[in-house]
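Student: Could you pick one part of this model and take me through it closely, residue by residue where that helps? I'd also like to see how its surroundings are described in the same terms.

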Amino acid sequence: MKKKIIFIINPISGTVSKAKIPYYVEKYIDKEKFDYQFIKTEYAGHASIIAKQAAQEKVDIVVAVGGDGTINEVGRSVINTSTAMAIIPCGSGNGLARHLCIPAKVKKCIDIINQCNIKDLDYGLINGHPFFCTCGMGFDAFISMQFAKAGKRGALTYVQKVLEIGLSYKPEVYDIEIDNKALHYKAFLISAANASQYGNNAYIAPQATMSDGLLDITLIEPFGIIDAAKVAIEMFNKTLDKNIKVKTFKCRKVHIHRQQPGVIHFDGDPIETEQDVDISIVEKGIRVIMNPDFNIEKMKPNIAQTALSEIFASFGKVQNMYHNLLNKMKI
């Protein structure tokens, strides 16, 4: 019997056109294995509604065609069901796809779907919101909110927001309970990772894996302007966890209390919440079509091939933004 697939296409996610996706599917999908249909999303949250209905109808596979936000919408609707999720990454960061070695080429993604190599992977919860890549609070959540308000996507917009706000951001004080151990830190950010990166090959938790039943907590202590470039480079070359300003922990759950309500993010989507934040892992709660050649060790850093090179390709713009900001602050 053929398997049923629904391709959920977000036409406005990221910076890549999705117009040719149906053409590539028609050309390369194994029609002897699959019956398929396409549904385009029409508004925020629509992908979640489509995927939830598909899971209720026991559709075999739903394919998230979009960025990490679209993937989160689809994923949270098929957790703890028999429906598997596949990914055709078309976003601006593609954090989960990159972690899972899902290629950017549509044809190669369809080849992976044709092989239908399904694995049960972990997902996380932050104050009840499912996430698959990362979640957190502090600077990254604050930047996620600013990025969401910007109206423009892409690495350069993200860097612009970091440069505009990064030097003036005030770290917060957190009381943290990790597996019943109490900690007290002033932190620039706290990230809880199920997968290794934010997106664009920026590795916030280089050792994270989606099959160990554990969260990788990364806490970055406050640092000066001189250290900022070092932190950024270490994030892109997968050595952030070696920085003396960075504390890392592995755990199944964490409770965090901050001094006031504020922003958290899950897979880059920001939301306001109260002072208390609970984060936990759910083992093997989502079925995902994997790249049969997946090997996280193959993802060794090559800065010339990462988004950092894309940033440096536009370095003139970034440099001007940086110097203008310093002049305004009289640094």
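Tutor: Happy to! Let's begin with a cut-off that we will need throughout: a residue counts as buried when its relative accessible area is under 20%, as exposed when it is over 50%, and as partly exposed in between. Please keep in mind that this is a predicted model.

With that cut-off, let's look at helix α3, which spans residues 68-78. Its buried residues are D68, T70, I71, N72, E73, V74, G75, S77 and V78. That is nine of the eleven residues in α3, so the rest of the structure largely encloses this helix. The list holds acidic side chains too, D68 and E73 among them. Directly after the helix comes N80, whose phi is positive at about 60°.

For context, buried residues make up 50% of the 331 residues in the protein chain. The chain has ten helices and 18 strands. Of its contacts with a separation of 6 or more, 73% join residues 24 or more positions apart.

Let's carry the same cut-off to strand β11, which covers residues 197-199 and includes Q197. Q197 has 0% relative accessibility, which means that it counts as buried. Its side chain is also involved in polar pairs with the backbone: a polar atom of the Q197 side chain sits 2.8 Å from the backbone nitrogen of N201, and the Q197 side chain reaches the backbone nitrogen of G199 at 3.5 Å. Beyond its neighbours within four places in sequence, Q197 touches G95, R98, H99, C133, T134, A202, Y203 and I204.

N201, the partner at 2.8 Å, belongs to the loop between β11 and β12. N201 is not a glycine, yet its phi is positive at about 60°. Its relative accessible area is 10%, so N201 is buried. N200 is in the loop between β11 and β12 as well, and at 15% relative accessibility N200 is also on the buried side of the cut-off. The C-alpha atoms of N200 and G91 are 9.9 Å apart, although 109 residues separate them in sequence.

Last, a pair of helices. The axes of α1 (residues 21-28) and α5 (residues 106-115) come within 10 Å of each other and cross at roughly 45°, so the two helices are oblique. The crossing is right-handed. On the α1 side the contact is formed by I21, Y24, V25 and Y28, and on the α5 side by V106, K107, I110 and N114. Sorted by class, this contact comprises six nonpolar residues, one polar and one charged. When you read those residue numbers, it helps to recall that an α-helix has 3.6 residues a turn, so residues three or four places apart point the same way.

Following the chain on from α5 leads into the loop between α5 and β5, where C116 is placed. C116 has a positive phi near 50° without being a glycine. With a relative accessible area of 19%, C116 is buried, which brings us back to the cut-off of under 20% that we began with.

Definitions and conventions. Residues are numbered from 1 along each chain as its sequence is written. This is a predicted model: local features need pLDDT of at least 70, side-chain atom pairs count only at pLDDT 80 or more; totals for chains, interfaces and linings use all residues. Side-chain values use heavy atoms; hydrogens and water are left out. Helices (H or I, at least four residues) and strands (E, at least two) are DSSP runs, numbered from the N terminus. Buried means under 20% relative accessible area, exposed over 50%, partly exposed in between (1.4 Å probe, protein chains only). A polar contact is a pair of N or O atoms within 3.5 Å; within protein, one must be able to donate a hydrogen and the other to accept it, and residues adjacent in sequence count only if both atoms are side-chain atoms. Contact means heavy atoms within 4.5 Å. Axes are lines fitted to C-alpha atoms, for helices over the stretch in contact, and angles run from 0 to 180 degrees between N-to-C directions. Angles under 35 degrees count as roughly parallel, over 145 as roughly antiparallel, 65 to 115 as roughly perpendicular and the rest as oblique. A crossing is left-handed if the near helix is turned anticlockwise from the far one by less than a right angle, and right-handed if clockwise. Ala, Val, Leu, Ile, Met, Phe, Trp, Tyr, Cys and Pro count as nonpolar, Asp, Glu, Lys and Arg as charged, and the others, Gly among them, as polar.
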